[in-house]
Amino acid sequence: MERAFCLAERGLYTTQPNPRVGCVIVQDGEVIGEGWHERAGEAHAEVHALRIAGACARGATAYVTLEPCAHYGRTPPCAQALIDSGLARIVVATEDPFPRVAGRGIGMLREAGIAVQVGLLREQARQLNIGFFSRIERGRPWTRVKLAMSLDGRTALANGRSTWITGEESRADVQRWRARSSAILTGSGTVLADNPRLTVRLPDGETFAPPLRVVLDRNLCIPAWANVLDGSAPTLRLYDPSATSKACGQSAVGVQCLEVTTRAERLDLHEVLHLLAARGCNELLVEAGPTLCGALFVAGLVDELLLYIAPVFLGDAARPLLHLPPLQEMAQRWELQALDQRAMARDYRLLLRPAR
């Protein structure tokens, strides 16, 4: 099963909106076939493994990181392919929560007389596809906020300049987090201040599915020359229904404009995340300023914080990490749990989750 997970991770940047899945087929203690889901619309992991195993699959055991599908989508059901191969036993890491599967794949296999074991490394399987499970079970993507700060907790100088707080290794690491994300979210303030491209830049030869760029532009104030509106990557521009502008009608190819409800002079963040989930967004990377990131924290919509810390001081006049409401008691403080801590050359990277 560990080998199946290693295979599944090869699809980390390419399978969305589908989950990352690996499969290993074993006969008499020897691996006779293996595969992984490479990209949406193409063969699933089980089919790749069965093609390699061929007739030797009869009587063998398959290890799969996610319940085999039981329905016709862009590809036939994997559960039926496994049945037709004559496998004797299948070990599944975890059930698939997608409504058209959700136990049906396991049921088909058992009805066909195949021994099925479920739950081996279940938590590892859920972590591998944490965004997929979030989208299906909660109706919103797994939301990861990326921030970079100085040792004194500042993200930019008082005049807004922030290039560059962190070093090259940290910035290269961010590209990989972008590549695994279905979408990258920012606000109009960040676009006006920094004019980011929000595209993925990986070494030559590495493939990925370009993430959707999502810009919260409530009053349609972003100029047409902004990099996020250049049509170089799929882009979604969200605005208030009351905003009046011809800008959206003149957008570049690949840029779509949609209205979102406004609450308390801010686009409804819950509605934004549900909208993205409906478009197949599994993992959302937020790259924005202290106002939008703080609002997501207050709304309870931040699942993970990716924090890069540079060994520099910017001074108490520089801009803060987040805009959060004042607290009256220490018991109200925002508790975080550290999942991972590592050095990135001169910087440090923390992966944190709200301890709720």
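1. Let's start with a term you'll need: a residue counts as buried when its relative accessible area is under 20%. Thr-14 comes in at 10%, so Thr-14 is buried. Keep in mind that we're looking at a predicted model.

2. Where does Thr-14 lie? It sits in the loop between α1 (2-8) and β1 (22-27). Leave aside the neighbours within four places in sequence, and Thr-14 is in contact with Glu-38, Arg-39, Ala-40, Thr-207, Phe-208 and Ala-209. For Glu-38 there's a bit of extra detail: its backbone oxygen lies 2.4 Å from a polar atom of the Thr-14 side chain.

3. Stay in that loop between α1 and β1 for a moment, since Pro-17 has its place there too. Have a look at the peptide bond from Gln-16 to Pro-17: it is cis, with omega near 10°.

4. Now for the empty space. Rolling a probe the size of a water molecule over the atoms shows where such space is left. In this model there is 1 cavity of 30 Å³ or more, and the largest cavity has a volume of about 60 Å³. Its lining is made of 15 residues, and nearest the centre lie Thr-15, Asn-18, Arg-20, Asn-129 and Asn-282. Sorted by class, the lining has 5 nonpolar, 8 polar and 2 charged residues. Which helix gives the largest share of that lining? That would be α6 (residues 130-138), with 3 residues.

5. Next, the pockets. The largest pocket has a volume of about 1,300 Å³. It is lined by 45 residues, with Thr-190, Asp-194, Glu-287, Ala-288 and Gly-289 nearest its centre. Several elements supply at least two lining residues each, among them β6 (142-150), α8 (188-194) and α10 (290-298). It's α7 that gives the most, with 6 residues. By class, you get 18 nonpolar, 15 polar and 12 charged residues in this lining.

6. The second largest pocket holds about 490 Å³ of space. Of the 23 residues that line it, Asn-18, Pro-19, His-44, His-71 and Phe-98 are the closest to its centre. Two elements give two or more residues to this lining, namely α2 (45-53) and α6. The lining divides into 10 nonpolar, 7 polar and 6 charged residues. If Asn-18 rings a bell, that's because we met it in point 4: Asn-18 is also among the residues nearest the centre of the largest cavity.

7. Take a look at the aromatic rings as well. How many aromatic pairs are there? The count comes to 1. The partners are Phe-132 and Phe-133, arranged edge-to-face, 6.0 Å centre to centre and with 80° between the planes. Phe-132 and Phe-133 are both buried.

8. Glu-283 deserves a point of its own. Its place is in strand β14 (residues 283-286). Is Glu-283 buried or exposed? With a relative accessible area of just 1%, it is buried. A polar contact of 3.0 Å joins its side chain to that of Arg-144. Beyond its neighbours within four places in sequence, Glu-283 is in contact with a list of residues including Arg-20, Ile-130, Gly-131, Trp-142 and Arg-180. Now compare sequence with space: Glu-283 and Arg-135 are 148 residues apart along the chain, yet 8.5 Å apart from C-alpha to C-alpha.

9. On to helix α9 (residues 269-278). Its buried residues are Leu-269, Val-272, Leu-273, Leu-275, Leu-276 and Ala-277. When you read such a list, remember that an α-helix has 3.6 residues a turn, so residues three or four places apart point the same way. At the N-terminal end, Asp-268 caps α9, with a side-chain oxygen 3.0 Å from the backbone nitrogen of His-270. After the helix comes Gly-280, whose phi is positive, near 85°.

10. Finally, two backbone spots to check. Leu-121 is not a glycine, but its phi is positive, about 60°. Leu-121 lies in the loop between β5 (115-118) and α5 (122-128), and at 30% relative accessibility it counts as partly exposed. Ala-345 also has a positive phi of about 60° without being a glycine. You'll find Ala-345 in the loop between β17 (336-344) and β18 (347-354). Its relative accessible area is 56%, so Ala-345 is exposed.

Definitions and conventions: Residues are numbered from 1 along each chain as its sequence is written. This is a predicted model: local features need pLDDT of at least 70, side-chain atom pairs count only at pLDDT 80 or more; totals for chains, interfaces and linings use all residues. Side-chain values use heavy atoms; hydrogens and water are left out. On a 1 Å grid over the protein atoms alone, a cavity is a set of points where a 1.4 Å probe fits but cannot get out, and a pocket is an open set with protein on both sides within 12 Å along at least five of seven lines; lining residues have an atom within 4 Å of a point. Grid points are joined across faces, edges and corners, and a volume is the space filled by probe spheres set on the points. Helices (H or I, at least four residues) and strands (E, at least two) are DSSP runs, numbered from the N terminus. Ala, Val, Leu, Ile, Met, Phe, Trp, Tyr, Cys and Pro count as nonpolar, Asp, Glu, Lys and Arg as charged, and the others, Gly among them, as polar. Buried means under 20% relative accessible area, exposed over 50%, partly exposed in between (1.4 Å probe, protein chains only). A polar contact is a pair of N or O atoms within 3.5 Å; within protein, one must be able to donate a hydrogen and the other to accept it, and residues adjacent in sequence count only if both atoms are side-chain atoms. Contact means heavy atoms within 4.5 Å. Rings of Phe, Tyr and Trp (its six-membered ring) pair if their centres lie within 6.5 Å; planes under 30 degrees apart count as stacked, over 60 as edge-to-face and the rest as tilted.
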